[in-house]
Amino acid sequence: MGQPSWCSEATSYGRVARRLTRIKAADTRLSPLSGMLDRSAAPSVAKGEPLLRTSGLSKTYDMGELKVVALNQVDFSANAGEFIVILGPSGSGKSTFLNLIGGLDTATSGEAWFQDHQLTGAREAALTRYRRDHVGFVFQFYNLVPSLTARENVRLVTEIARNPMRPEEALDMVGLGTRMDHFPAQLSGGEQQRVAIARAIAKRPDLLLCDEPTGALDSKTGVVVLEALTRVNAELGTTTLVITHNVAIRAIADRVVNFADGGIASIQVNAQRMSASSVGW
Ligand SMILES: Nc1ncnc2c1ncn2[C@@H]1O[C@H](COP(=O)(O)OP(=O)(O)OP(=O)(O)O)[C@@H](O)[C@H]1O
Ligand SMILES: [Mg+2]
């Protein structure tokens, strides 16, 4: 649940290219007066400063006779540089929450703010720009373009980003410096996921949103992926939210947010974070 349609495994190069064209077109339609989330206009947020906030954030899916309350009055905030793990049973609203704060979906009521920009109620073009400039996504399935190498998959993003790192730099950060010219089919699951992380971080997003990034991986491979995520968090200061079903992963977080029944049931603060390499399941 929760994976947007454009991220389906069957993504073809043609569809990706068309999507990039739409993003470029949406960008030119933006009013320069809006100033909304223009990277050059938005000062980078210092570690520990407020980055993201929601208030009464709610989402109800209207299925005709049936109304599904996916998210119910969620109040949440995250500071720049935090590493947050989100836990909770299936159907508790984790992906819905991530999709709303990532600008992939729209709320039924309540507010979501990124810095001093309100996401709820923002027009689609502004949300497109928010996603493009500020948010990196990593999903359970890697959604790489099979006919492109690792380097070319990352380049798809760096070509439209405002202040990207080089694809090689991003792939180096996730430990794939020697596999850049391999096609996805020539890479293991964990390596493919690290390409997906490189693709997500290459534009230097403020926010990295990961929905079950280790869900399809075994423990050993999953740990390598977590090491890549914590390295990005430490070295780039990227605020990172990771949804997982794996309770062992909570030890690597600054804070653990427990979802239940569409809301936040509790939040724990870890006085000390464990390194990703010490996690096992
Ligand atoms: N597009 C949709 N249409 C209707 N209902 C939806 C839709 N997306 C999610 N839901 C419902 O909203 C609730 C929350 O779903 P969500 O995907 O956020 O849960 P989750 O915590 O991510 O679960 P999982 O751990 O299984 O991924 C569920 O009851 C789900 O069935
Ligand atoms: Mg989910």
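Which residue in strand 5 is the bridge partner of Phe-114? Keep that question in mind as you look through these views of a predicted model.

**View 1. Strand 4 meets strand 5.** The answer is His-117, which sits in strand 5 and is the bridge partner of Phe-114. Strand 4 covers residues 109-114, and two bridges hold its antiparallel pairing with strand 5.

**View 2. An open sheet of four strands.** Follow the order 2-1-4-5 across this open sheet, where the pairing is antiparallel. Strand 2 (66-79) and strand 5 (117-118) are at the edges; each has a single partner strand, so one side of each has no neighbour in the sheet. Now find helix 2 (residues 94-101), which packs on the sheet and touches strand 1 (50-63), strand 2 and strand 4. The direction of helix 2 makes about 120° with that of strand 1.

**View 3. An open sheet of six strands.** Here the order is 6-7-8-3-9-10, and the pairing is mixed. At the edges you will find strand 6 (135-139) and strand 10 (263-269), each left with one side lacking a neighbour because each has a single partner strand. On average, neighbouring strands of this sheet are turned by 15° against each other, direction ignored.

**View 4. Strands 7 and 8 side by side.** Strand 7 (residues 207-211) and strand 8 (residues 239-243) run parallel and are joined by five bridges. One pair to look for is Leu-209 with its bridge partner in strand 8, Leu-241. Helix 6 lies across strand 6 and strand 7, at about 165° to strand 6.

**View 5. The buried side of helix 4.** In helix 4 (residues 150-158), the buried residues are Ala-150, Arg-151, Asn-153, Val-154 and Val-157. Why are they on the same side of helix 4? They cover an arc of only 165° around the axis, which puts them there. These buried residues pack against helix 5 (167-173) and helix 6 (189-201).

Notes: Residues numbered from 1 in each chain as written. Chains lettered and ligands numbered in written order. Predicted model: local features only at pLDDT ≥ 70, side-chain atom pairs only at ≥ 80, totals over all residues. Pairing = 2+ DSSP bridges. Contact = placed C-beta atoms within 7 Å. Axes fitted to C-alpha atoms, helices over the stretch in contact; angles between N-to-C directions. Buried ≥ 20, exposed ≤ 12 C-beta atoms within 10 Å, placed from the backbone. Arc of directions from axis to C-beta.
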